[in-house]
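Biologist: Hi! Could you walk me through this structure, one piece at a time?

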Number of protein chains: 2
Amino acid sequence: MRITDDDMKSLLRALQQTLSLEIPITEHLGITVEGYDGECLTLTAPLEQNVNHKKTAFGGSLNTLLTLAGWGLLWLLLKEHDIEAEIVIQESIVSYLLPVTRDFSARCRQPGPTVIAAFENTLRKKGKARLELYSEICEAGAVATAFKGRYVALLHQRVHTEQDWGKNSQ
Amino acid sequence: MRITDDDMKSLLRALQQTLSLEIPITEHLGITVEGYDGECLTLTAPLEQNVNHKKTAFGGSLNTLLTLAGWGLLWLLLKEHDIEAEIVIQESIVSYLLPVTRDFSARCRQPGPTVIAAFENTLRKKGKARLELYSEICEAGAVATAFKGRYVALLHQRVHTEQDWGKNSQ
């Protein structure tokens, strides 16, 4: 499906609404869908609601924003490919490299077209596919928090089993 | 320092207060310091505030509770050893193995005495030491979310540098 600029604006509004209505804690964290340039999704959050004992951004909030940046990117990818699927996160690793001292943004970039094509092919064929996505939070030109998440998409018509959550899913 | 039961109750109240006052988002997540048996710290959170689009616990909230269980355990360890130090998380990996469908608890267990002795020795000698801690959230007898975090403690009198945050710290 070819997405126009207006479609994209409407998709981003839908993503914001999905986060706000279906994951209510994102409202308390002040998470905003900032933008998507067709390759990279940016989510932001204010320092004030997410501050820790050292007056820098709390690790749990940084990880949450990064997790949602990947989740949101995959949500957009599925919409762009006109696929109705559920997305869950299976595993993630996050490195807290530098303190974050101001309002912060997590950016998640699309993987290359070959990876996306293989993911889409597996998902349509097997009803289930996994995708590794990288997100990061930068401050003053340096990566402050780096994140890698493995997400699983499950076609809606598929009956879920507990194994969908397991580490060996693909 | 030998900790009495009354000291421990007062420490747990202090930990709850630290979380509530200094990391305000923990109030929105409904995080409670449930107990500590001298080896294992348990934190809890209600499903209601932490629900996601599938009516199970949101991954960001699970990760946050697990991160804080490790942070809290190290906070208690330092108090027990009468050490004034700051704690930051450096890296973590989390596996979401099963959905969490009710109020949930994260448990973090102390490492063995040899690991703790080596950690304390490094911290007192170098002013900085790292510790890997494992936490988990169980449901119906099975591990639903597994977490490993690498934390760094920094003695208060030490001047912090950006390298304290880097991946090569110890």
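**A chat about the model**

Modeller: Happy to! This is a predicted model. Let's start with Val143(B), which counts as partly exposed because its relative accessibility is 31%, between the 20% limit for buried and the 50% limit for exposed.

Biologist: Where is Val143(B) found?

Modeller: Val143(B) sits in strand E6 of chain B, which covers residues 142-155.

Biologist: And which residues is Val143(B) in contact with, leaving aside its neighbours within four places in sequence?

Modeller: Those are Leu97(B), Leu98(B), Glu136(B), Ile137(B) and Cys138(B). Also, the C-alpha atoms of Val143(B) and Tyr96(B) are 9.2 Å apart in space, with their positions 47 residues apart in sequence.

Biologist: Nice. Switching to helices: at what angle do H1 and H3 of chain B pack?

Modeller: At about 135°, with their axes 11 Å apart. That angle makes H1(B) oblique to H3(B), and their crossing is right-handed.

Biologist: Which residues make that contact?

Modeller: From H1(B) they include Leu11(B), Leu15(B) and Thr18(B), and from H3(B) they include Trp71(B), Trp75(B) and Lys79(B). By class, the contact has 10 nonpolar, 2 polar and 2 charged residues.

Biologist: Last topic, the two chains. What turn lays chain A on chain B?

Modeller: A turn of 180°, with a shift of 0.0 Å along the axis and an RMSD of 0.0 Å. That is the relation of a two-fold axis.

Biologist: Which C-alpha in chain A is nearest the axis?

Modeller: That of Ile93(A), 2.1 Å from the axis. Both copies use the same surface, too: 100% of the contact residues of chain A recur in chain B.

Methods: Residues numbered from 1 in each chain as written. Chains lettered and ligands numbered in written order. Predicted model: local features only at pLDDT ≥ 70, side-chain atom pairs only at ≥ 80, totals over all residues. Heavy atoms only, no water. Least-squares fit on C-alpha atoms with pLDDT ≥ 70 in both. Contact = heavy atoms within 4.5 Å. Axes fitted to C-alpha atoms, helices over the stretch in contact; angles between N-to-C directions. Helix = DSSP H or I, 4+ residues; strand = E, 2+ residues; numbered from the N terminus. Parallel < 35°, antiparallel > 145°, perpendicular 65-115°, else oblique. Left-handed = near helix turned anticlockwise from the far one by under 90°. Nonpolar A, V, L, I, M, F, W, Y, C, P; charged D, E, K, R; others polar. Buried < 20%, exposed > 50% of the residue type's maximum accessible area, 1.4 Å probe, protein only.
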